[in-house]
Amino acid sequence: MNTPGTTDGHDHGRTQGPGHGDAQIHSHGHSHSHGPAAPVSRHLRKVIAAVLIPFAAAVLVGLAVLWPGGAPAHERTGVGFDRQTQQATVTEVVAVDCASANPSAGVPTGDTSTAEGSSAQQQANGTCKKATIRVDTGQDKGRTFTEIVQPDQSRQLSEGQGVVVAYEPSAPEDLQYSVADVNRRFPLALLAGVFALAVVAVGRLRGVMALVALAVSFLVLNFFILPAILQGANPLVVAVVGASLIMLLALYLCHGLSARTSVAVLGTLVSLLLIGLLGSVFISWSALTGNTDDNTGLIHGLYPDIDMSGLLLAGVIIGSLGVLDDVTVTQTSAVWELHEANPAMGRRALYRAGIRIGRDHIASVVNTLVLAYAGAALPLLLLFSVAQSSVGTVANSELVAEEIVRTLIGSIGLVASVPVTTALAALVVSADRPPARTPVPGQTAARDQAVGHAPEPRPAMARGGRGRRRKR
């Protein structure tokens with residue numbers, strides 16, 4: 001043990017007197033940074049940039065080549081969403097006898113076991129509503145028309161209610177307008193405002209950037225992905241370019257331009273490639289056409305050149321992107337925080353600790369994804385339950401098989417993203433640990449006192465003067 005004024009043999013003959021030693025220690029202490037070492041070196045940053053910069057350039061080239069310049073024009077069919085619509089208001093609702101309001105209705109048979117028989121019975125004996133509706137927008141603003149609301153109709157109208165009306169110019173004048181839907185703009189706008197307020201209140205600047213990223217995602221979807229598919233471009237290529245652009249913009253806007261974010265981008269990219277490969281194989285193998293309901297049938301009728309199975313695969317990729325971002329960012333942040341808490345952890349220890357966190361994340365995310373798809377398909381599942389179909393029959397139908405393939409492929413991509421992202425983060429964050437310096441006993445103790453650190457406890461010495469060697 002060195003005392004003030006003695007010479008330390010390990011200090012190359014420098015004398016540490018009171019004051020002089022303090023000056024030496026103080027000078028030495030400020031020659032090195034006491035903050036944590038930069039987790040990513042310039043060399044590793046170059047390696048990450050060598051991967052991501054060409055990828056980003058390829059995305060921009062694909063964006064320029066595939067840019068649609070707007071959706072193609074077509075003649076409206078008047079079916080489904082492909083109708084001219086205007087805003088209107090219900091000005092008056094009066095009760096009328098259904099028998100007089102429906103003079104063309106047939107005589108009911110009395111059999112109410114079927115939906116048609118039950119509806120005919122209610123229309124003959126029930127009380128209907130006669131609604132007067134005023135058109136508020138368009139060239140016929142101020143025009144009124146009437147509509148009969150049946151007692152068994154799911155959507156009932158009330159006075160003062162805002163509605164959306166469909167306009168068919170080729171129909172007779174008194175039949176040109178009909179109620180198509182309810183105007184829900186105000187409650188939806190209010191809910192969106194509450195959501196934005198909650199995000200900003202909790203997330204602060206990160207929340208603001210998350211909302212900006214959300215707006216950018218919708219812009220890419222509406223101005224690039226959808227019009228490009230309608231123009232006849234390959235839906236899979238469009239989805240890959242669009243999803244990659246959304247991924248780059250959203251992650252870097254929300255989490256900053258850093259190596260940590262770049263690792264999350266790489267993990268998301270690898271997982272998206274896996275989802276695209278699996279989706280292409282199993283959608284083709286399962287002979288899924290993607291044309292399973294009225295909306296997809298209408299799209300195929302209007303634009304027969306669109307590859308509907310490719311459109312299905314594009315939906316799988318875009319639908320998986322949002323959850324993938326969550327998983328990869330969480331895993332990368334977990335590994336970075338583990339490294340900051342214990343910089344001595346090697347890549348294996350970081351990977352093992354990160355993957356333990358990831359297993360919990362996998363269990364919750366996969367369950368969430370499956371339940372989300374099941375909830376969306378709940379009316380369809382109810383129909384199969386009413387028909388008393390077996391599980392095999394239900395699963396084999398294209399409507400359900402499409403959701404099964406979509407769910408399982410997305411879940412496989414999510415599961416794979418955890419070990420991939422964790423391994424990448426552990427490799428990058430542990431690659432630049434500073435080399436261990438041999439501590440000088442006298443300088444270490446004095447330096448600790450100078451900077452206010454408590455001296456580290458030394459290992460216990462054996463009675464014979466030999467320290468017990470600890471395993472690393």
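Let me begin with a definition: a residue counts as buried when its relative accessible area is under 20%, as exposed when that value is over 50%, and as partly exposed in between. Please keep in mind throughout that what we are looking at is a predicted model.

I will start with the sheet and then turn to the charged side chains. The five strands form an open sheet in the order β3-β2-β1-β4-β5, and the pairing is antiparallel. At the edges of this sheet lie β3 and β5, each of which pairs on one side only. On average, and with direction ignored, neighbouring strands in the sheet are turned by 45° against each other. For one pairing I can give more detail: strand β1, covering residues 84-97, runs antiparallel to β4 and is joined to it by six bridges. Within β4, V164 is the residue that stands opposite Q87.

Now to the salt bridges. As a general point, side chains of opposite charge can pair when their charged atoms come close. How many salt bridges does a search of the whole structure find? The search finds eight, and I would like to go through three of them in turn.

The side chains of R134 and D136 meet in a salt bridge, with a distance of 2.9 Å from N to O. R134 has a relative accessible area of 33% and is therefore partly exposed, and D136, at 22%, also counts as partly exposed.

The next salt bridge brings together the side chains of D140 and R143, at 3.5 Å from N to O. Are these two residues buried or partly exposed? R143 has a relative accessible area of 21%, so this arginine is partly exposed, whereas D140, at 18%, is buried. Both values lie close to the boundary, because buried means under 20%.

The third salt bridge connects R155 with D181, whose closest N and O atoms are 3.9 Å apart. This pair links distant parts of the chain, since R155 sits in the loop between β3 (144-149) and β4 (162-167), while D181 belongs to strand β5, residues 177-182, and the two are 26 residues apart. R155 counts as partly exposed at 26% relative accessibility, and D181 counts as partly exposed at 27%. Through salt bridges that share partners, R155, D181 and R184 are joined into one network.

To bring the two topics together, I would point again to D181, which lies in strand β5, one of the edge strands of the sheet, and which takes part in the network with R155 and R184.

Notes:
Residues numbered from 1 in each chain as written. Predicted model: local features only at pLDDT ≥ 70, side-chain atom pairs only at ≥ 80, totals over all residues. Heavy atoms only, no water. Salt bridge = Lys/Arg side-chain N within 4 Å of Asp/Glu carboxyl O. Buried < 20%, exposed > 50% of the residue type's maximum accessible area, 1.4 Å probe, protein only. Helix = DSSP H or I, 4+ residues; strand = E, 2+ residues; numbered from the N terminus. Pairing = 2+ DSSP bridges. Axes fitted to C-alpha atoms, helices over the stretch in contact; angles between N-to-C directions.
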